[in-house]
Amino acid sequence: MPLTPEQQAEIDELRAHPRPTLRAVSEGMERHLYKAHPVLDHGLVRVIDYMGDDGAITQAARVSYGRGTKSVSNDEGLIRYLMRHWHSTPFEMCEVKFHVKLPVFVARQWIRHRTANVNEYSARYSILDREFYIPAPEHLAAQSTVNNQGRGQVLEGDEAARVLDLLREDAMRSYDHYEAMLSQEGQQGLARELARMNLPANVYTQWYWKVDLHNLFHFLRLRADAHAQYEIRAYAEAICGIVRDWVPFAYAAFEDYRLGGAQLSARGVEVLRRRLAGEEVTQENSGMSKGEWREFEAVWG
C-alpha cells in the first residue's frame, strides 16, 4: 500500500489545520498539499511544500513589486512568450518539494536529472519494507527489435506467467535472505549497510525531491513523453496533473511548446523548407549524416 494508516492520519491532521499566510498561494496546489497520488502498485507522489505561482513568473520577468497592474490576459501572454522563446530564469522562481515512493531501478533513472535537491531514505539506518514493483501483465514486453532501449510486443500466455512468477519468487527470496542476514536472536547479524546489497532493483525506496519549475518542465518533457519508459512515465504523468493545477498558464504553455514537441537542427529546418517547396530531398543531398537523417525521418518523414 502507498501509505500506512499512521502516515495517512498525519496527513489528515495537517490538512485539518490550515494556517494564514502572506505569501503567494496557488489555490490549485493547495488542494494537492500532502495528499498521496498512487503510482504503480506501491508507489506514490505527494507535494510537501511549494513556492510561487503563475504570478511569480511574470513578476520575476518584469522585476516588479507585488502583482503590478497587468491584466490576467497580459500575464498569460507573457508566460507564453517566455516559454516560446526559451526564457528559463522566470520559471526558476517557482519551486516544489515532492515526497516520492518509487522502485530503485526507476530512482536510478530519475536521478540522472541532476538539477534538483534529493534526500533518500537510508537503508544504512532503517530496514526497507517488503515491497516490490511487479509489473501488470499488460506492461510485460519483449525487447524491441528497432530500439535498443525500448520494449516491443507484449508477452502473453505461459511466457508472461513464467516471467511474473520469476519476478515474485526472486524478490521474496532476496528479501527473506536480507532479513536472515540482519541481527537476530543468538547472532550478531550483518550490518544493514551491507545486507541491503542483496535486495533487487525492484524494491521500493523513498525520497524528497525539490526542484524549480524550469528544471521540472525539463524532466516532464523527457519523462512524460510517449517514448519514455512506462514506469517513470507513470510518475511524470501524475506530476503533470499536479503542475497543471499549480501553474495553469505555465503548464498550458509547456504543453503547447514543449511536451511532445520536436526540435529541428538548422539542417533539419532547411530540409523541411525544401520539402515544403516541393523539392525531393534524400539523405544523400540533405547534408545530414545517416543518424541525423533517421532521426529526422522518424519525426517528419
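**Exercise 1. Strand β2 and its neighbours**

How many of the nine residues of strand β2 (residues 43-51) are buried? Work this out for the predicted model, and then describe how β2 pairs with other strands.

*Solution.* Start with accessibility, where a residue is buried if its relative accessible area is under 20%. Seven of the nine residues in β2 meet this criterion, so the strand is largely enclosed by the rest of the structure.

Next, take the pairing on one side: strand β1 (residues 37-39) runs antiparallel to β2 and is joined to it by three bridges, with valine 39 standing opposite glycine 43 of β2. These two strands form a hairpin in which three residues lie between them.

Finally, consider strand β3 (residues 95-103), which is also antiparallel to β2 and is connected to it by seven bridges; here valine 45 has valine 100 of β3 as its bridge partner.

**Exercise 2. Positive phi angles**

Examine the backbone at tyrosine 34 and leucine 40, and state where each residue lies and whether its relative accessible area makes it buried, partly exposed or exposed.

*Solution.* The background to this step is that most residues other than glycine have a negative phi.

Tyrosine 34, although not a glycine, has a positive phi of about 75°. This tyrosine is placed in the loop between α2 (27-30) and β1, and with a relative accessibility of 22% tyrosine 34 counts as partly exposed.

Leucine 40 likewise has a positive phi, near 55°, and belongs to the loop between β1 and β2. Its relative accessible area is 23%, and leucine 40 is therefore partly exposed.

**Exercise 3. Aromatic pairs around tryptophan 110**

Characterise the ring pairs that tryptophan 110 forms with tryptophan 207 and with tyrosine 235, and identify the elements that these pairs tie together.

*Solution.* A pair of aromatic rings is described by the distance of the centres and the angle of the planes. With a centre distance within 6.5 Å as the criterion, the model contains 13 aromatic pairs.

For tryptophan 110 and tryptophan 207, the centres are 6.0 Å apart and the planes meet at 80°, which makes the pair edge-to-face. Because tryptophan 110 belongs to helix α5 (residues 104-110) and tryptophan 207 to strand β7 (residues 204-212), this pair ties together parts that are 97 residues apart in sequence. Both tryptophan 110 and tryptophan 207 are buried.

For tryptophan 110 and tyrosine 235, the values are 5.8 Å between centres and 70° between planes, again edge-to-face. Tyrosine 235 lies in helix α9 (residues 230-246), so its pairing with tryptophan 110 in α5 links parts that are 125 residues apart in sequence; tyrosine 235 is buried, as is tryptophan 110.

As a last step, extend the network: ring pairs link Phe98, Trp110, Trp207, Trp209, Phe219 and Tyr235 into a cluster.

**Exercise 4. Helix α9**

Check the span of helix α9 against the expected value, and then assess how far the helix is covered.

*Solution.* The expected span is 1.5 Å times one less than the number of residues; for the 17 residues of α9 this gives 24 Å, and the end C-alpha atoms are 24 Å apart, which agrees.

Turning to accessibility, twelve of the 17 residues are buried, and α9 is thus mostly covered. Among the buried residues are Arg233, Tyr235, Cys240 and Trp246.

**Exercise 5. Charges over rings**

Which rings lie beneath arginine 23 and arginine 258?

*Solution.* Arginine 23 is positioned over the face of tyrosine 50, 5.3 Å from the ring centre. For arginine 258, the charged end sits over the ring of tryptophan 86, at 3.3 Å from its centre.

Terms used:
Residues are numbered from 1 along each chain as its sequence is written. This is a predicted model: local features need pLDDT of at least 70, side-chain atom pairs count only at pLDDT 80 or more; totals for chains, interfaces and linings use all residues. Side-chain values use heavy atoms; hydrogens and water are left out. Rings of Phe, Tyr and Trp (its six-membered ring) pair if their centres lie within 6.5 Å; planes under 30 degrees apart count as stacked, over 60 as edge-to-face and the rest as tilted. Helices (H or I, at least four residues) and strands (E, at least two) are DSSP runs, numbered from the N terminus. Buried means under 20% relative accessible area, exposed over 50%, partly exposed in between (1.4 Å probe, protein chains only). A charge sits over a ring if NZ of Lys or CZ of Arg is within 6 Å of the ring centre and within 35 degrees of the ring normal. Two strands pair if DSSP finds at least two bridges between them.
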